[in-house]
Amino acid sequence: MLDPGLTRIHPPAAATDAPIKIAVRDLVVHYGGTCALEAVSLDIPAHRVTALIGPSGCGKSTFLRCLNRMNDHIPGARVTGQVTIDGDPIYGSEVDPVVLRRRVGMVFQKSNPFPKSVFDNVAFGPRVHGERDSLCLREIVERTLRQAALWDEVKDRLDRSALELSGGQQQRLCIARALAVEPEVVLMDEPASALDPIATAKIEELIHELKNAYTIVIVTHNMQQAARVSDLTAYFYLGRLVEFGPTERLFTNPVRPETEDYITGRFG
Amino acid sequence: MPLHTDRAFEEQLGQLRTAVLEMGGLVEEQIGQAVRALTQRDEALAHATIERDHTVNRFDVEIDDLSLKLLALRQPAARDLRLITTTLKITTDLERIGDMATHIAERAIELAAEVPIKPYIDIPRMADVARDMLRRSLDAFVREDTELALSVCLADDTIDQLHEQLFRELLSYMVENPATVSRAMRLLFVSKYLERVGDHATNIAEMVIFMVKGRSIRHMDKLPREL
């Protein structure tokens, strides 16, 4: 149906004027005998929100987890290919994953605050990385809670348990915790899937704010959410990157018929 | 093209397409009827044509309602989004064509009371071209046929030329015999209405190209040779 000129696969660098933050080349992931990701190449621009969409099992979470080597923890996982952040390879024996994860933070689907106070949750990362000065810690906590749009709601109960917060607040706390170590990239794996629309809207608003300071990569099952928050969208299917491009174009006029079928709700 | 997993949505989109086609069929017939009322000096038929416009207007409102509902409730993307937005625009053009038919019928009633200044040859020809353009633009819509849509855009020149030709001819009548001015002016209006029908059919065809290709060819100085 599409003319041949249009069906060419989009180059991994989707049209954007932003510099490349993370460059992925021929990334292949195996879990035991099964191939979860086959030869994915993709350039993630700095200070943009890149959304990864696709049905369950398409490889989008696997891809996300490769960006801060979370797959290292999965027994039987084999990763080949090249991933660089600002040109520095992230896979290599000389790379300390702990240092890498300081540059590339992560927020998970289920908010997972530590059973500690609000303050200690946010101060946890900086303390692990050696920050002991209490004034300094206080500054970090306030700054990141403000960045996570949570400060006004929790400033009077920093000493209370984080578990007393609502689901949406807990998730924003986890975002603040991720921001506290001043990462360059924030990975988000379904950050709003367990939240009500108001909490979701707050997270989405937050994502908009955060991209000025961070590069954001988000996995979501909610296509409208991808459309709302992201600048670029990558569609994954069966471990392959099907299409990558500006979100606006992908949702109005996708190039690949597979993308078209998925985003319009034609699930074969 | 596989069907939507949600069959109710698929059905609603089908309803939308059918309604556009029905509305299109209605206005196409309305134009034919209006021109027949003119050439056959049939006032009753002219009144019936005007009466029909209510049905056309009702379609306009109903299609808008359904489109809005689908936008709000389904949050359509890609080709579905383009189909619905195209529909919203097409119905405006169809509604305007219905208005043109009404105007022609009004002129037919006025002219029926007077002696014709000349046999009607060019006007039925223009009406045939206009209806053919409309029919093809709607066929292109259903079949998602961009080549057919492009042919409609190209046909617009033909109807513009016919209008120009008729204008010159009627002008010569008026210069020669000022007693014909009011009749000639009315015929000139009819010619202009038909020329407008061609423009609306062209708009529809352009929207069909957008719907299928996701690319707008509107307001281009020259039509693209291929899409």
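The following questions and answers concern a predicted model with chains A and B.

Residues are numbered from 1 along each chain as its sequence is written, and chains are lettered from A in the order in which they are written. Local features need pLDDT of at least 70, side-chain atom pairs count only at pLDDT 80 or more, and totals for chains, interfaces and linings use all residues.

User: Which helix gives the most to the side of chain B that touches chain A?

Analyst: Contact requires C-beta atoms, placed from the backbone, within 7 Å. On that basis, 14 residues of chain B are in contact with 13 residues of chain A. With four residues, the main contributor on the chain B side is helix α3 (residues 78-112), helices being DSSP runs of H or I of at least four residues, numbered from the N terminus.

User: How far apart are the end C-alpha atoms of helix α1 of chain B?

Analyst: Helix α1 (residues 7-39) of chain B has 33 residues. The expected span is 1.5 Å times one less than the number of residues. The helix should therefore span 48 Å, and the end C-alpha atoms agree, being apart by 48 Å.

User: Is B:Gln75 buried, partly exposed or exposed?

Analyst: B:Gln75 lies in the loop between α2 (43-74) and α3 of chain B, and its phi is positive, near 40°. A residue is buried with 20 or more other C-beta atoms, placed from the backbone, within 10 Å of its own, exposed with 12 or fewer, and partly exposed in between. Because B:Gln75 has 14 C-beta neighbours inside 10 Å, it counts as partly exposed.

Note on methods
Contact = placed C-beta atoms within 7 Å. Helix = DSSP H or I, 4+ residues; strand = E, 2+ residues; numbered from the N terminus.
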